[in-house]
Amino acid sequence: MENCIDTSKIFLREISQPVAKDLIVKNHYSHKWTLCSVALGVFIKTEPDPDSFFENDTEKLVGCIIYGNPVGRSAAASISEELDIDEVYELTRLWIADIPSGKNMESWCIGQSFEWLRRNRPKIKALLSYADNEAGHTGIIYQSTNWLYQGNSQLALMPNY
């Protein structure tokens, strides 16, 4: 498919909160930090410069996805009465640089973050996120990755994420 991302060159891995905070405060439209339980960096593999005397990094940090514990006490119950608050994460920030990476970069990375969470945070059973209507966000990226729309301000992922 034309103009789709080259998934062989993009990967996610956990990054430190200070690094994630720096990226979010500098680049996210809100310029504000948030609760963070997991910070995942979005990396792109690059080709080393053969003319360089020094070793080159062969990866570049181009974004991050932040998950945190939900703020509201009733957040888990808003998804299911059977969920405990410690079984739910909130996707609190997503920022990926505008790079020529092809279509669907954000949605692909969100999907990869689900896989990372399944492997590394098996206690998490559901995710939720909020689209910022005041910033003109309608949750299209979330909906394109199969989040279940739950109303004007809340998006919750289906329980079998």
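Select C64 and C36 to begin: in this predicted model, the cysteine sulfur closest to that of C64 belongs to C36 and lies 8.4 Å away, which is too far for a bond. A disulfide would need the two sulfur atoms within 2.5 Å, and a search of the whole structure finds zero disulfides. While C64 is still selected, note that this residue is buried, with a relative accessible area of 0%.

Now widen the view to the whole chain and colour it by secondary structure, which comes to four helices and seven strands. Followed from the N terminus, the elements run β-α-β-β-α-β-α-β-α-β-β. The chain has 161 residues, of which 39% are buried, and its accessible surface comes to about 9700 Å², with 49% of that area belonging to carbon and sulfur atoms. If contacts are drawn between residues at least 6 apart in sequence, 68% of them join residues at least 24 apart.

Next, select strand β2, residues 38–45, in which seven of the eight residues are buried. Strand β1, residues 10–14, pairs with β2 in the antiparallel sense over five bridges, and within that pairing I10 stands opposite I44 of β2. Strand β3, residues 59–68, also runs antiparallel to β2 and is joined to it by eight bridges; to see one of these, select L40 together with its bridge partner in β3, I65.

From β2, step back along the chain to H28, which sits in the loop between α1 (17–27) and β2. Is H28 buried or exposed? With a relative accessible area of 7%, H28 counts as buried, because the cut-off for that class is under 20%. Show its surroundings and, leaving aside neighbours within four places in sequence, you will find H28 in contact with L23, R93, L94 and W95.

Move on to strand β4, residues 88–96, and pick out T92 within it. T92 counts as buried at 13% relative accessibility, and, apart from residues up to four places away in sequence, T92 touches T34, L35, I66, Y67 and G68. For L35 there is a polar approach to display as well, since the backbone oxygen of L35 lies 3.4 Å from a polar atom of the T92 side chain.

Keep T92 on screen and add S129, which lies in strand β5, residues 126–129. The two residues are 37 apart along the chain, yet their C-alpha atoms are separated by 6.5 Å. S129 is buried, with a relative accessible area of 1%, and its side chain reaches the backbone oxygen of L91 at 2.9 Å.

Finish at helix α3, residues 105–120, and place a distance label between its end C-alpha atoms. How far apart are the end C-alpha atoms of α3? They are 22 Å apart, which agrees with the 22 Å that its 16 residues should span at 1.5 Å a residue. To follow the covered positions of α3, select M105, S107, C109, I110, S113, F114, W116 and L117, which are buried. An α-helix has 3.6 residues a turn, so residues three or four places apart point the same way. Among the buried positions of the helix, C109 has a relative accessible area of 0%.

Technical notes. Residues are numbered from 1 along each chain as its sequence is written. This is a predicted model: local features need pLDDT of at least 70, side-chain atom pairs count only at pLDDT 80 or more; totals for chains, interfaces and linings use all residues. Side-chain values use heavy atoms; hydrogens and water are left out. Helices (H or I, at least four residues) and strands (E, at least two) are DSSP runs, numbered from the N terminus. Buried means under 20% relative accessible area, exposed over 50%, partly exposed in between (1.4 Å probe, protein chains only). Contact means heavy atoms within 4.5 Å. Accessible areas come from the Shrake-Rupley method with a 1.4 Å probe; for residues, only the protein chains shown count as cover. The expected span of a helix is 1.5 Å times one less than its number of residues. Two strands pair if DSSP finds at least two bridges between them. A polar contact is a pair of N or O atoms within 3.5 Å; within protein, one must be able to donate a hydrogen and the other to accept it, and residues adjacent in sequence count only if both atoms are side-chain atoms.
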